[in-house]
Amino acid sequence: MTQITEQFPGSRSPEDREFPAVRLGIQFTRYPGMEQLPLLDSLRQAVDDGFTLVVLNNIAAELSGETEDTLDEVAAEARRAGVELQLGLGCAGPAGHPAAVRQELHTALARGLDLGITEFFVYTRSVREGLVEQGRFLDHAAQLRLVRANVESLAAKARDTGARINVKTHEDLASGEVLSLVQGLDPAVFSIGLDVANLVVRGEDPHAVAASLGPSIRMTHLEDLVLFAVPHGYRRRLRALGEGVLDWDVLLGSLLASGVRDFTLEQHRGKFDTPVFDRSWFRYEPHLDAPELGQLARLGALTHDGVARGDIPPLAGWDDDPAPAERRRQLLHSAATLRRILTTIGAGIAAPATILSGEEGLS
């Protein structure tokens, strides 16, 4: 059994920790590197790997009947293992008929509540240049109003059941836009799900955003990144924690100090550019400022230096998605890195009920 409960050299003991216990989470539709596993076996693998939080990206396949619905078994197994389930409700717009978007969100919320889940997230897919929807043109401000209405439609049910809904910092929104959205809603219901790797797509510095959003953050979606210079700007690619250019001591320290207690790894494959050399791009990015762009350039320089040293593969080596064995390696490396840094900072880390202290840990 592989797990992540060992103490690392130089780390503080549980008696010395400065923070309440935190949870290490893993986010997936099916388990990273083992995508062939059914959902129940994916959960069991997460428990074997020492995670005490499992965030399901979505349950659309189960709700549609495309996949056998084993969600009740999964929830029961999670309770036995002392693992909390959280759930992605899907896309809050702005594309799609509002009634249909809201119905999908409400259906997923209701099924999640039936399973005993109380923490959820939504994401967005706005188009900054504007889009035509239902026969009319929507600029970005109009799209944000529609997203807000879709998300707000969940408030009453969430409030009555004690659920929380976190708006994810997706690639399409700046962090300030997400913050304004949740601040305009019921603070007892709505918070932010911070995806650190997405922030650079909007020209933002993840380290500064993690500090500035502070107590508004409840969920995290964690992955490292590299930024390659291309003719029109920067190209983001994703890496295991500690193998990219983000400073995880700074990031995790900020999140802990802000009260974040759930640290969830996400391995997605989104490939995005940040066209900062294209003057027209700035027309739709009013949130940008010089210090943020300076930090973006710094991350690009760190990537360049890493390639020169041989620590980071050149951009040409990033065209193909990683094979299952490499995805598995990345996950275990990320989990070990996350645990090492959190423990060094002074955070105690919970283990699943089925895992005994002292077993072999991740390296």
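In the predicted model, R236 is found in strand β11, which spans residues 233-239. The residue is buried, because its relative accessible area of 0% falls under the 20% limit for that class. Two polar contacts involve the side chain of R236: this side chain reaches the backbone oxygen of A197 at 3.0 Å, and a polar contact of 3.0 Å joins it to the side chain of N198. Beyond its neighbours within four places in sequence, R236 is in contact with several further groups of residues, among them V200 and V201 as well as A197 and N198. The contacts of R236 also include L225, V226 and L227, together with H268, G270, K271 and F272, and with the acidic residue E171.

A second buried polar residue, T220, is found in strand β9, formed by residues 217-221. T220 counts as buried because its relative accessibility is 1%, where the class requires a value under 20%. The side chain of T220 has a polar atom 2.7 Å from the backbone oxygen of D262, and the side chain also reaches the backbone nitrogen of T264 at 3.1 Å. When residues up to four places away in sequence are not counted, T220 touches D262, F263 and T264, and likewise L194, L255 and V260.

One of the residues touched by T220, L255, belongs to helix α9, which covers residues 248-257 and has W248, L251, L252, S254, L255 and L256 as its buried residues. An α-helix has 3.6 residues a turn, so residues three or four places apart point the same way. At the N-terminal end of α9, D247 acts as a cap, with a side-chain oxygen 3.2 Å from the backbone nitrogen of D249. Just after α9, G259 takes a positive phi of about 100°.

T264, whose backbone nitrogen is reached by T220, is also among the residues touched by I26. I26 lies in strand β1, made up of residues 19-28, and counts as buried because its relative accessibility is 0%, again under the 20% limit. Although I26 and E266 are 240 residues apart along the chain, their C-alpha atoms are separated by 6.3 Å. Leaving out residues up to four places away in sequence, I26 touches T264 and L265, and also L331. Other residues touched by I26 include Y31 and P32, A46 and F51, and L53, V54 and V55.

For the protein as a whole, the secondary structure comes to 11 helices and 14 strands. The radius of gyration is 20 Å, close to the 21 Å that the globule rule gives for 363 residues, so the protein is as compact as a globular protein of that length. Along the principal axes, the C-alpha atoms fill a box of roughly 60 × 50 × 40 Å. Of the 363 residues, 54% are buried, and among contacts with a separation of 6 or more, residues 24 or more positions apart account for 79%. The accessible surface comes to about 15,200 Å², and carbon and sulfur atoms supply 52% of that area. The protein carries 36 positive and 51 negative side chains, with the centres of the two sets lying 3 Å apart.

Methods:
Residues numbered from 1 in each chain as written. Predicted model: local features only at pLDDT ≥ 70, side-chain atom pairs only at ≥ 80, totals over all residues. Heavy atoms only, no water. Helix = DSSP H or I, 4+ residues; strand = E, 2+ residues; numbered from the N terminus. Buried < 20%, exposed > 50% of the residue type's maximum accessible area, 1.4 Å probe, protein only. Polar contact = N/O pair within 3.5 Å; in protein donor to acceptor, adjacent residues only side chain to side chain. Contact = heavy atoms within 4.5 Å. Rg over C-alpha atoms; globule rule 2.2 N^0.38 Å. Areas by Shrake-Rupley, 256 points an atom, 1.4 Å probe, with all protein chains shown as cover. Lys, Arg positive; Asp, Glu negative; His and termini not counted. Charge placed at Lys NZ, Arg CZ, Asp CG, Glu CD.
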